[in-house]
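Hi everyone, thanks for coming. Today I'd like to walk you through one model, starting at its ligand and then moving on to a sheet.

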Amino acid sequence: MSNMKISSFEEYHQVYKHSVEQPEEFWAGIADNFHWRKKWDNVLSWNFKEPNVKWFEGAKLNITENCLDRHLDTLGDKPAIIWEPNDPTEDHRILTYKQLHDKVCQFANVLKNNGVKKGDRICIYMPMLPELAIAVLACARIGAIHSVVFGGFSAQSIADRIKDAECALVITADGGFRGTKDLPLKSVIDDALVQCPSVKRVIVLTRSRTPVSMIKGRDVWWEDEIKKVETQGSPVCPVEEMDAEDMLFILYTSGSTGKPKGVVHTCGGYMVYAGYTFANTFQYTPGEVFFCTADIGWITGHSYIIYGPLSQGATTLIFEGIPTYPDAGRFWDIVDKFKVNILYTAPTAIRSLMSFGLDPLKDKDLSSIKVLGSVGEPINEEAWHWFDDHIGHNKAPIVDTWWQTENGGHMITPIAGITPTKPGYATLPLPGIQPVLVDENGKEIEGNGVSGNLCIKFPWPGILRTTYGDHERCRLTYFATYENMYFTGDGCLRDEDGYYKITGRVDDVLNVSGHRIGTAEVENAINMHSSVVESAVVGYPHDIKGQGVYAFVVSPGQHGDADLNRKDIIMTVQRIIGPIAKPDKIQFVSGLPKTRSGKIMRRILRKIAEGDTANLGDTSTLLDPSVVEEIKAGAL
Ligand code: PRX
């Protein structure tokens, strides 16, 4: 497996050059580090026009054989998963590779007993428990396609996702714990399923033992189903042999228009890419403890809690709780307790912990830390230095990993200890990745000391293949803006040294605490409220979240005072999307600034939300320029 790892900056340059000149040879060499039941006939065929991208065509594999079975001889008794509960007084759990393998086989048999077949879509809505990873891997083992939905989404959002993918089965828990909160997961699923006739079965794990309704003929307990397969004898579940281009999972993500789309990843390419990036970026060496603080409901959790680490035989730590419970020293307690070597977290968590000062770090032994990672949003220099000084003690390289749900794994990032870091910079592309900056006309901007829109001009194995059920949407969103390029939606700077710095989204997508939220989605939810005529949502700089959600709302027929009406609107957004999309600020306005053709001038609203009202630019093309004065005067 170590054949994939680059070991010096000089080698990086050589390997990068090779990956551009001979991409197929390069990727075939990487793919050779995995277990294939049958090798590929063809490394790559592609065009970005349709788009149609196929990696390792003709190859047969199962990703769980790579994540579990192939390690049993050498790592069977080594920890695969360490689980730390929300409540620090509850016992932690450790699952060895052998135990994890057995549990995945068992649950895969449960799924089969419940009628699941290759190609079926399964919705997973669970707390951060080892059983969530087990459920994901069990699906992959039998060729079912998982669609994990983050616990912060509402019943309506879950229903939309279940309907879009026509899921046959849901896996959930009675409830979950996060900080001081009890999450009523099964109850949310019950609300969602009112709209989802395709779901015939719900498997419910017991976690919180909060009372839940169990509907006869539809709902079954996880533990009862496990008992049934135990009495059936053999815990073994042979893997389903998958084509490299069979779907592995769907993960929904927001864009600038319409409803979230189901990003599709396939078995062979995704496996290679998650494993390759994990091994390289973090320079993982056997025996180290890897702690990624993301939720498995996001791509970071898929690639760097489950598939990447396990494919490399690593020990991956799953934490059920939040960084500030029971106090702001929790991450450092966990690092100390399990001697974490690699800590991969988000700028928003770092900024939040910074705000508590250095007290929570007192008496915490962080000397095990070797590598630090950041993901999800641009990291400001202040947070970068705090992380470097107080957590890494200036000895642990920080890998600022830029990538997206659609990419499957890291794209532009330092390689820990091998390539240089630079505060606020994602730095250099991994070998195999060909970034380009383009101007509005799609013309490539060459040279250094330039900025533009970030595109990728050659496929990599982890690229999305389609958006579920709507290939045209995939083409329009990613491949139609610039000919023959994958468009990321991000703005980017390439400095004099050729290092990349991501400057943020250039479309109507917000990044709130590292979560991707479409402004159109939030507007649609606000507009569902009975008093609202229309609304416009923009982002504004937020000290902890990176970006906050600022809503300008036209709401003439209010019940109660403005404050209550605001709360009603927030409650509506919470119902339609979920707590993660709640507006931070709601300003009531009598009208929105529109051009004569009826288009909302978001540029003006963005400036007002940012508090930069001195310089609003030309407002003469507005239908009613006076509305701007009113909005300025009422800005929050
Ligand atoms: O804007 C970029 C930002 O997050 C977006 C991708 O969001 P999502 O698909 O939810 O995936 C997040 C985790 C991979 C990107 O378009 N982003 C992600 N990582 C970084 C980043 N922006 C700056 N620096 C990063 N390291």
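Let's begin with the ligand: 16 residues surround it, and Asp400, Thr401, Thr405, Asp490 and Arg516 come nearest. Near here means a heavy atom within 4 Å. This is a predicted model, where local features need pLDDT of at least 70 and side-chain atom pairs pLDDT 80 or more, while totals for chains, interfaces and linings use all residues. Residues are numbered from 1 along each chain as its sequence is written, and side-chain values use heavy atoms, without hydrogens and water.

Now the polar contacts, which are pairs of N or O atoms within 3.5 Å. The side chain of threonine 405 has an N or O atom 2.6 Å from a ligand oxygen. For arginine 505, that distance is 2.8 Å, and for a polar side-chain atom of asparagine 511 it is 3.4 Å. How much of the ligand's 540 Å² of accessible area does the protein cover? The answer is 95%, using the Shrake-Rupley method with a 1.4 Å probe.

On to the sheet. It is open, with 7 strands in the order E5-E4-E17-E16-E18-E19-E20 and mixed pairing. Strands are DSSP runs of at least two residues, numbered from the N terminus, and two of them pair if DSSP finds at least two bridges between them. Why do E5 (93–96) and E20 each have one side without a neighbour in the sheet? Both stand at the edges with a single partner strand, so that side is left free of a neighbour there.

Last stop: E16 (residues 289–292) and E18 (residues 342–345) run parallel, joined by 3 bridges. Cysteine 292 sits opposite tyrosine 344 in E18. Thanks for listening!

Terms used. A polar contact is a pair of N or O atoms within 3.5 Å; within protein, one must be able to donate a hydrogen and the other to accept it, and residues adjacent in sequence count only if both atoms are side-chain atoms. Helices (H or I, at least four residues) and strands (E, at least two) are DSSP runs, numbered from the N terminus.
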